[in-house]
Every structure is written in structure tokens, then in C-alpha cells.
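Trainee: I would like a close look at the aromatic rings here and at what lies around them. Please take me through it step by step.

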Amino acid sequence: MKKRVVMILCAVGLSMAAAGCGILPFSGDLTVTVDSQESSADASSEQETEISFSSKPEETEEEKETAKKESPKTPLEKADLMAQQYDYDGAIELLKQQPDYESDSEMQDAVKTYEEQKAECVAWPVDKVTHVFYHTLIYDTDKAFDGDTDSGGYNQVMTTVKEFKEITQSMYEKGFVMIRLEDMAKKNEDGVMEIQDIMLPPGKQPFVLSQDDVSYYHYMDGDGMASKLVLDENGEVKNEYIEDDGSVSVGDYDMVPLIDSFVKEHPDFSYRGAKGIIALTGYNGVLGYRTDISYKTQPDDLNEDKKKWLAEHPDFKLKKERTAAKKVAAAMKENGWEFASHTWGHLNVGEISLDRLKKDTRKWKNNVERVVGETDKIIFAFGADLAGVEGYAGNEKFDYLKSQGFDYYCNVDSSQYWVQITDQYLRQGRRNLDGYRMYYNPDMLSDLFDAEEVFDPARPTPVPPM
């Protein structure tokens with residue numbers, strides 16, 4: 001039986017530093033976007049009923065045909081993958097359920113192996129789980145670091161694809177394994193948070209992965225980053241990248257497909273199928289799709305970036321954008337990814353009023369939740385938080401967010417570990433793996449990778465100070 005927890009706290013120092021904590025966007029247009037479109041987004045999105053709220057869109061004939069062509073895995077193959085990802089009980093149960101198990105020595109030998117591997121596992125303390133995060137990855141450094149007004153911000157809070165690949169490989173070699181927040185603690189039948197056992201072989205250690213602002217904002221166009229997430233001809237989630245000649249390439253240009261590809265080659269990098277958490281705003285849409293109601297209502301004070309995009313896309317249909325985004329989101333969730341609120345307007349929850357938080361949350365639910373589905377996680381923009389180390393007891397903003405279904409709360413902290421668990425919530429600090437942290441505090445990342453080896457030589461130095 002799992003232990004009921006009143007509070008677990010591990011805090012070397014709660015340091016919600018600005019460095020790398022979500023200082024996006026850089027162009028100064030966010031305040032205008034949030035303030036000017038608040039009323040129209042609230043009122044109109046309530047009337048948007050053309051999108052189904054089902055968790056997975058109905059398959060097209062083409063998708064069904066693709067699925068038919070894929071050979072189903074044998075029970076042994078499925079069990080082997082489960083065991084590689086540390087779900088020994090699931091692997092054993094799967095094989096024992098097979099009608100020919102009693103006469104199949106290969107299955108029986110596999111079960112014996114899984115039982116031996118399970119017996120070697122040890123529980124990892126939840127207060128020693130680190131959480132790392134990224135922003136959109138930079139694919140073309142020449143475009144991102146071209147000296148324009150956004151270059152400095154990119155240099156501070158973003159990571160290049162080259163760096164990301166090397167960091168991921170280093171963490172894998174050090175024995176890190178991706179887990180879910182639910183693997184640390186989750187609600188029981190009475191709605192009380194309970195600590196969970198993270199069972200891993202010796203030499204393995206869990207971590208949580210997340211990525212902020214996966215909306216592919218308008219201001220990033222032409223700056224060497226992916227333009228959206230899409231499904232390729234095999235139904236796999238990939239990125240679109242717009243080349244210099246305007247042609248579109250499809251491949252691994254950002255974190256989601258890069259991690260998917262890495263886990264295909266290294267299944268043991270994932271604990272029971274876990275991937276990362278994608279933290280989404282909503283004002284420019286999600287996943288590269290323009291899913292916000294303001295693109296349809298087009299209020300008089302519509303942001304200039306949106307006006308420009310709409311002028312370049314005269315065939316825009318909100319329903320089409322939302323439907324396409326829903327298909328991608330459903331495929332991601334099926335493959336282990338999760339979603340979190342990053343607030344609709346990328347707001348500092350510690351500074352805004354409760355009324356502003358309520359309005360923003362309604363817009364997130366009306367414009368983002370209806371696309372990616374419900375979530376019980378919120379990852380605060382700007383690395384902000386609702387309170388200090390004392391916790392959330394008596395905090396009216398927490399009471400409101402809890403009433404809206406949020407049980408997991410993440411800020412930004414410079415410590416290797418920062419975890420707080422009560423019977424009502426799990427709270428965790430995250431570590432930014434970006435240009436600023438690698439340049440100014442490489443020693444703070446030494447448990448994960450060697451920053452000097454990873455640092456992309458294409459990155460301009462010195463990295464601008466915060």
C-alpha cells in the first residue's frame with residue numbers, strides 16, 4: 001500500500017530565476033495580444049461547437065489502410081518492449097494470458113527472465129527526481145543568430161538541435177530514464193495524492209522532461225526553427241520545416257520527433273512508455289496550427305502578426321486548423337506525450353490578479369483544451385509560481401486552479417532537485433538546459449552532461465546576460 005503524504009519537500013534553494021525560465025516571446029507583442037483580445041476570445045469561443053471533444057479523431061480511409069499494412073507484433077515482441085521499459089509485471093501478465101503459454105518454453109523462459117530483472121529493481125526516492133526543460137529547438141543557427149532583435153533571446157533561452165542530441169545521448173549514457181509526474185505521485189480513490197514507487201534497475205535514474213511554448217509563434221517565422229508538428233505518411237509525428245526556397249521538408253526538427261526517434265532506438269530511455277510534457281499557450285494557436293478563436297473573429301485590434309498571417313492564408317478555416325491539430329495531439333498522447341497549460345497568454349501567475357487568472361484559464365480551456373484534451377498539469381510561464389517554499393495552503397489562486405482540475409504544478413528552479421508533495425498537489429522545479437545556463441553555470445549541469453563539450457560552436461558568445 002502506498003503511503004499517504006502530508007508534505008515532502010526537497011529544496012536546496014527555491015530560486016525561480018529568470019534565466020531560461022520561459023522568457024518567450026521576445027518581440028514585446030504579448031501584452032498587446034493578451035489585453036486586446038480578451039473579451040472577444042472569451043465570448044466567441046463559447047459558441048464554437050463544430051469540434052468534437054472525443055479523445056481521438058475518427059480514422060480516415062487512408063489511415064486505416066496504413067494500419068492494415070503494419071504487421072502486428074507478436075506477444076513475445078510486445079512483452080520484450082514492455083520489459084525493456086521496466087514494466088515487468090505487464091510483460092509477465094501478457095505472456096501468461098496467451099492460450100499456448102503452458103506449452104511454449106520460449107514464453108516461459110521470458111517470464112523467468114522478467115521476474116529476475118524485476119527482483120533486481122529498487123525504488124527511487126521521489127524527492128531526488130530532476131526535471132529538465134527546453135524551448136523550441138534551433139535547427140538553422142545562421143538564421144536564429146543573425147543579429148536581429150530576437151537573436152539575443154534565442155541565444156539565452158533556446159537550445160540547438162545539435163546540443164539537444166548530444167545532451168540526450170549523454171543523459172542516456174548516464175542512465176537517465178524519462179518518467180511521468182504521475183509516476184512520482186498520483187491521486188487515490190479519495191482524491192488524495194499518494195507517493196508512487198518508481199522501480200528501476202541499479203544504475204538507472206528517473207527524470208521528467210518538458211518543453212515550453214510549442215506553438216511555433218509567428219515571430220519565429222524564418223528564424224531557423226520548425227513551423228509545425230504534422231503526421232507523416234506513416235502516421236508518425238514529425239515536424240514541417242520551411243526551406244529557403246519555400247519548399248517544405250518533413251522530419252525531426254524539434255524535440256517531439258527527436259525523442260520519438262531516440263526511444264525507437266533506445267526503448268530503455270522511457271519508463272513504461274513515458275515521453276515528455278508539452279506546455280502550451282493559446283494566443284497563437286497550438287503545435288503550429290492557428291486554433292485560437294481570434295483568427296476567426298478578427299477583432300479590430302487584432303495583433304499585426306495575426307493580420308499578416310491571415311492575409312497570407314486567405315483559405316483559413318478555424319475548424320480545419322483545429323481538426324488537424326487534434327489529430328496530431330491524439331497521436332502524440334497515444335505515443336506517451338502529455339500536455340500542460342502554460343496559460344493562454346503566457347502570463348506571470350505570481351503577478352496577475354485572480355480575476356485575470358480566471359479569464360485566462362477560461363480562454364485556455366475554450367481554445368486549447370478543446371484541441372489537446374483535458375490536463376491536470378500547469379507549467380508556469382516565466383518560471384513564476386503561486387507561492388514560495390511555504391506551499392500553497394490558503395492561496396486563493398491555487399484554490400481556483402485546483403478547482404479547475406490542476407494537480408501538478410511546475411516552476412523553474414536552479415536546484416538539481418526541488419519537489420514538494422502534499423495531499424492536494426505535486427509541485428516540482430525545472431532546470432533550463434539552454435544557452436544561458438550552459439554558458440554561465442555549466443557546473444550546475446554536470447550531473448547531466450559536460451556543457452563545454454555540448455555547447456554549439458555556432459552559438460555567438462558571450463551569451464547575453466539576463
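Mentor: Tyr392 and Tyr409 are buried. Keep in mind as we go that this is a predicted model. Buried means under 20% relative accessible area, and that cut-off will help us several times.

Let's look at how rings meet. A pair of aromatic rings is described by the distance of the centres and the angle of the planes. Across the whole structure, a search finds 26 aromatic pairs. One of them joins Tyr139 and Tyr253, with 4.8 Å from centre to centre and 85° between the planes, an edge-to-face arrangement. Tyr139 belongs to the loop between E3 and helix H7 (141-144), while Tyr253 belongs to the loop between strand E11 (248-251) and helix H10 (255-265), so this pair ties together parts that are 114 residues apart in sequence. What about their surroundings? Tyr139 has a relative accessible area of 41%, so we call it partly exposed. For Tyr253 the value is 11%, so this residue counts as buried.

Now back to the two tyrosines we began with. The ring centres of Tyr392 and Tyr409 are 5.3 Å apart and their planes meet at 70°, so this pair is edge-to-face. Tyr392 lies in the loop between strand E14 (377-379) and helix H15 (396-403), and Tyr409 in strand E15 (residues 408-412); the pair links distant parts of the chain, 17 residues apart.

Rings can also gather in a group. Tyr172, Phe176, Phe207, Phe262 and Phe269 form one aromatic cluster. Let's follow some of these names, starting with Phe262. Phe262 is among the buried residues of H10, a list that also includes Met255, Val256, Pro257, Leu258, Ile259, Asp260 and Val263. Eight of the eleven residues of H10 are buried, so the rest of the structure largely encloses this helix.

Phe207 takes us to the strands. This residue of E8 is the bridge partner of Thr130. Strand E3 (residues 130-134) pairs with strand E8 (residues 205-212) in the parallel sense, over five bridges. E3 also pairs with strand E17 (residues 426-432), again in the parallel sense, this time over two bridges. There, Val132 stands opposite Arg431.

E3 itself is mostly covered, with five of its five residues buried. Thr130, Val132 and Tyr134 point one way from the strand, and His131 and Phe133 point the other way. Phe133 brings us back to rings: the charged end of Arg430 sits over the ring of Phe133, 3.8 Å from its centre. You can find another such contact at Phe455, where Arg459 lies over the face of the ring, 5.7 Å from its centre.

Some of these residues also surround an empty space. There are three cavities of 30 Å³ or more, and the largest has a volume of about 40 Å³. Which residues line the largest cavity? They are Tyr134, Phe164, Ile167, Thr168, Met171, Phe207, Leu209, Ile259 and Phe269. You have now met Phe207 and Phe269 twice, since they also belong to the aromatic cluster. Ile259 comes from H10, where it is buried. The elements that give two or more residues to this lining are helix H9 (161-173) and E8. H9 gives the largest share, four residues. By type, the lining has eight nonpolar residues, one polar and no charged.

For a contrasting picture, turn to the second largest pocket. About 700 Å³ of space lies in it. Its lining has 33 residues, and the closest to its centre are Asp221, Ser227, Ile242, Trp309 and His313. Strand E10 (237-242), helix H12 (304-312) and helix H13 (318-334) are the elements that give two or more residues to this lining, with H12 giving the largest share, four residues. Here the residues divide into twelve nonpolar, six polar and 15 charged, whereas the lining of the largest cavity has no charged residues.

So, to retrace our path, start from Tyr392 and Tyr409, which are buried, then move to the cluster that holds Phe207 and Phe269, and end at the cavity that these two residues help to line.

Terms used. Residues numbered from 1 in each chain as written. Predicted model: local features only at pLDDT ≥ 70, side-chain atom pairs only at ≥ 80, totals over all residues. Heavy atoms only, no water. Buried < 20%, exposed > 50% of the residue type's maximum accessible area, 1.4 Å probe, protein only. Pairing = 2+ DSSP bridges. 1 Å grid on protein atoms, 1.4 Å probe; cavity = no way out; pocket = protein on both sides within 12 Å on 5 of 7 lines; lining within 4 Å. Points joined across faces, edges and corners; volume = space filled by probe spheres on them. Nonpolar A, V, L, I, M, F, W, Y, C, P; charged D, E, K, R; others polar. Phe/Tyr/Trp six-rings, centres within 6.5 Å; stacked < 30°, edge-to-face > 60°. Lys NZ or Arg CZ within 6 Å of the ring centre and 35° of its normal.
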